[in-house]
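Grab a pencil and work through these exercises with the structure open beside you. Each task comes with a solution that goes step by step.

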Amino acid sequence: MVSMDRNTSPIVPLSEEQIIKATKNTLINLYPDKELQRFKRLYATRNNFDPELIELANGSDEWLQKFIFTFGEKGVMSLNPDFVMYQVYTEQVAVPFYQVDCKPDFSFDFNEISKQISEKEPSLFLISNPHNPTGKLFKEEEIEQLADAMAKVGGYLVIDEAYVEFSSDYQRPSGEHVIIVRTLSKIYGLAGLRIGVAVAEGETFEKITRFNHPYPVNSLSLNLANELFSNETQLEELIHYQLESKRLLEKSLQKVRHLIHVNPSSTNYLFTYGEKAVSLADFLLKKGFQARQYREPLLANAVRYSIIPLENYEELEQAIRDWSE
């Protein structure tokens with residue numbers, strides 16, 4: 001079965017030799033001071049961040065929980081749909097959770113979002129950008145409007161950029177009420193290492209790190225990540241592979257755009273919907289390709305397809321042709 005439902009890298013980013021090397025260089029009897037500082041420098045340089053404003057956690061999910069613990073006391077707001085764990089983590093701490101519904105075409109009215117913020121006054125707003133599950137990169141002015149609305153109610157905006165490396169860069173809103181969270185699980189192919197990155201300024205940085213562990217990520221994970229980030233050529237080859245896989249996925253689904261709606265995507269997956277979208281997913285499952293289907297009523301006619309190894313696209317395209325004919 002070819003998995004198209006996980007949104008992770010279709011290939012392992014490090015060679016067996018590199019994994020062995022990093023393992024041998026891991027001093028498990030010591031705390032990872034040097035490894036942590038090295039990663040911050042490498043990551044900050046590549047992404048044009050200040051290493052002094054970066055902190056790590058055990059995956060971006062741990063950061064989401066910490067943000068809710070720290071800032072969610074007056075309620076958390078998000079979009080509907082968006083990353084399902086926003087609601088799960090909010091419910092774990094028993095604070096109010098609000099959602100702003102999408103329109104029938106899965107787009108959002110940011111004037112309505114601002115209105116809901118003004119009425120509900122949440123202390124935290126979580127949004128994925130690019131958006132999960134639709135794959136859309138929101139407009140700069142839309143995110144700025146969202147940041148301004150949260151500032152007016154004294155709240156914080158968390159921009160979850162899990163897929164941002166698959167998109168074009170954009171101008172982010174500034175201010176201590178804005179927090180960026182990223183992951184190494186997608187474009188970098190290191191989901192199993194559980195490394196989440198948070199970027200914040202001033203007092204907000206102090207608040208989000210107040211409850212963080214002194215060494216939030218273990219030495220081996222850091223050494224493996226550093227092995228990848230210290231090899232620029234290899235990193236670019238990995239990114240090229242995944243972008244090529246996305247191109248082939250778009251090409252494959254292009255053949256059925258007359259039958260289902262396929263969203264333009266700034267991520268490593270394509271979001272489809274329509275009366276026949278589930279029919280295609282069911283057919284492909286029988287052919288050995290497992291897409292992401294949903295239980296939520298709002299997404300009943302939606303299906304998401306993640307990128308796969310390049311060698312599987314010929315078979316996928318044939319299966320799609322078989323269904324459409």
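**Exercise 1: the sheet**

In this predicted model, seven strands form an open sheet with mixed pairing, in the order β2-β8-β7-β6-β5-β3-β4. Work out which strands stand at the edges.

*Solution.* Look for strands with a single partner: these are β2 (54–58) and β4 (97–101), so each has one side left without a neighbour in the sheet. Going from one strand to the next, the twist averages 25°.

**Exercise 2: one strand pair**

Find how β7 and β8 run and how many bridges join them.

*Solution.* Start with residues 178–183 (β7) and 195–199 (β8): the two strands run antiparallel and four bridges join them. Then pick out Val 181, whose bridge partner in β8 is Ala 198. Now add the helices. α2 (residues 33–47) lies across β2, β7 and β8, at about 115° to β2. α3 (residues 60–71) also packs on the sheet, with β2, β3, β5, β6, β7 and β8 among its contacts, and its direction makes about 155° with that of β7.

**Exercise 3: helix α11**

Check the span of α11 (residues 313–324), then say where its buried residues sit.

*Solution.* First the span: at 1.5 Å a residue, 12 residues should give 16 Å, and the end C-alpha atoms are 16 Å apart, which agrees. Next, list the buried residues of α11: Tyr 313, Leu 316, Glu 317, Ala 319, Ile 320 and Trp 323. They cover an arc of only 160° around the axis, so they lie on the same side of α11. Finally, ask what covers them: the cover includes β1 (2–4), α9 (232–254), α10 (277–286) and β11 (289–293).

Key:
Residues are numbered from 1 along each chain as its sequence is written. This is a predicted model: local features need pLDDT of at least 70, side-chain atom pairs count only at pLDDT 80 or more; totals for chains, interfaces and linings use all residues. Side-chain values use heavy atoms; hydrogens and water are left out. The expected span of a helix is 1.5 Å times one less than its number of residues. Buried means under 20% relative accessible area, exposed over 50%, partly exposed in between (1.4 Å probe, protein chains only). The arc is that of the directions from the helix axis to the C-beta atoms. Contact means heavy atoms within 4.5 Å. Two strands pair if DSSP finds at least two bridges between them. Axes are lines fitted to C-alpha atoms, for helices over the stretch in contact, and angles run from 0 to 180 degrees between N-to-C directions.
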